[in-house]
Amino acid sequence: MIKHAFQVLFAAVLALSLGGAARAQDANHRGTADEAVAMVKKAGAFMEKNGRDKAIAAFNDPKGEFIKGDLYVFMFGMTGDQQGVALAHGQNAKMVNKNLMELNAGGVFPIKEFLKVAGSPAGKGWVSYKWPNSISKNMEDKSTYVEKFGDVLIGVGIYK
């Protein structure tokens with residue numbers, strides 16, 4: 001029980017710690033499912049055109065094109081030593097280069113679920129869980145669209 005509470009608290013602190021970038025860009029914008037899917041597709045195309053290293057730098061740029069209101073791109077490794085490691089996180093640089101497989105968000109292990117969905121035959125889909133909204137500061141229902149691109153997954157979530 002204490003471990004679970006710590007994991008939820010840790011997730012909340014991480015998610016809220018760098019909320020300023022999104023608030024500064026568009027505090028009133030709530031992303032839609034269509035916008036999330038479009039941003040993932042745009043991020044995947046960017047990576048395929050420019051390479052993984054440039055994509056990681058672009059996705060991690062708090063003032064870049066891959067953050068819009070409460071939408072932001074993240075990327076996780078899917079294989080080997082990088083499985084479950086956050087390679088990019090447009091909202092929270094403190095998550096980058098950390099293995100977050102055991103991150104518990106209200107009883108859901110979102111990274112494990114992201115990997116399961118991206119590793120499925122379809123290679124893409126949605127995962128729902130609770131997550132602290134860096135703009136509203138509230139714990140909210142969130143659905144995240146993830147898609148596999150090579151040996152990584154790219155995702156963008158929306159708050160409900």
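Me: Is Glu147 buried or exposed, and at what relative accessible area?

Reply: In this predicted model, buried means under 20% relative accessible area, exposed over 50% and partly exposed in between (1.4 Å probe, protein chains only). Glu147 is buried, and its value is 11%.

Me: Okay, how many residues apart are Glu147 and Lys41?

Reply: Helices (H or I, at least four residues) and strands (E, at least two) are DSSP runs, numbered from the N terminus. A salt bridge is a side-chain nitrogen of Lys or Arg within 4 Å of a carboxyl oxygen of Asp or Glu, and Glu147 makes one with Lys41, the closest N and O atoms being 2.9 Å apart. This pair ties together distant parts of the chain, strand β6 for Glu147 and helix α3 for Lys41, and the separation is 106 residues.

Me: Which residue forms a salt bridge with Glu140?

Reply: Glu140 is buried at 9% relative accessible area, while its partner is partly exposed at 40%. The closest N and O atoms are 2.9 Å apart, and the partner is Arg30.

Me: Lys116 and Glu113 pair up too, so how far is it from N to O?

Reply: Both sit in helix α5, three residues apart, about one turn of the helix. Lys116 is exposed at 55% relative accessibility, and Glu113 is partly exposed at 27%. Their side chains meet in a salt bridge with an N to O distance of 3.4 Å.

Me: How much should I trust the model, or what's the mean pLDDT of the protein?

Reply: pLDDT is the predictor's confidence in each residue, from 0 to 100. Residues are numbered from 1 along each chain as its sequence is written, and side-chain values use heavy atoms, with hydrogens and water left out. Local features need pLDDT of at least 70 and side-chain atom pairs count only at 80 or more, though totals for chains, interfaces and linings use all residues. Over residues 1–25 pLDDT stays under 50, whereas 82% of the protein's residues reach 70 or more and the mean is 86.

Me: Which element gives the most to the largest nonpolar core?

Reply: A nonpolar core is a set of buried Ala, Val, Leu, Ile, Met, Phe, Trp, Tyr and Cys residues joined through side-chain atoms within 4.5 Å. The largest one has 23 residues, with Phe59, Phe66, Val73, Met75, Ile154 and Val156 having the most contacts inside it; contact means heavy atoms within 4.5 Å. Elements giving it two or more residues are α3 (33–50), α4 (52–60), β4 (86–89), β6 (139–149) and β7 (152–159). With six residues, the top contributor is α3.

Me: How wide an arc do the buried residues of α4 cover?

Reply: The buried residues of α4 are Ala55, Ile56, Ala58 and Phe59. They fall on the same side of α4 because the arc, taken from the directions from the helix axis to the C-beta atoms, is only 165°.

Me: And which exposed residues does the face turned away from that side carry?

Reply: The cover over the buried residues of α4 includes α3, β3 (74–77), β4 and β7. The face turned away carries exposed Asp53, Lys54 and Ala57.

Me: What phi does Asn97 have?

Reply: Most residues other than glycine have a negative phi. Asn97 lies in the loop between β4 and α5 (110–118), and it is exposed at 61% relative accessible area. Its phi is positive, near 70°.
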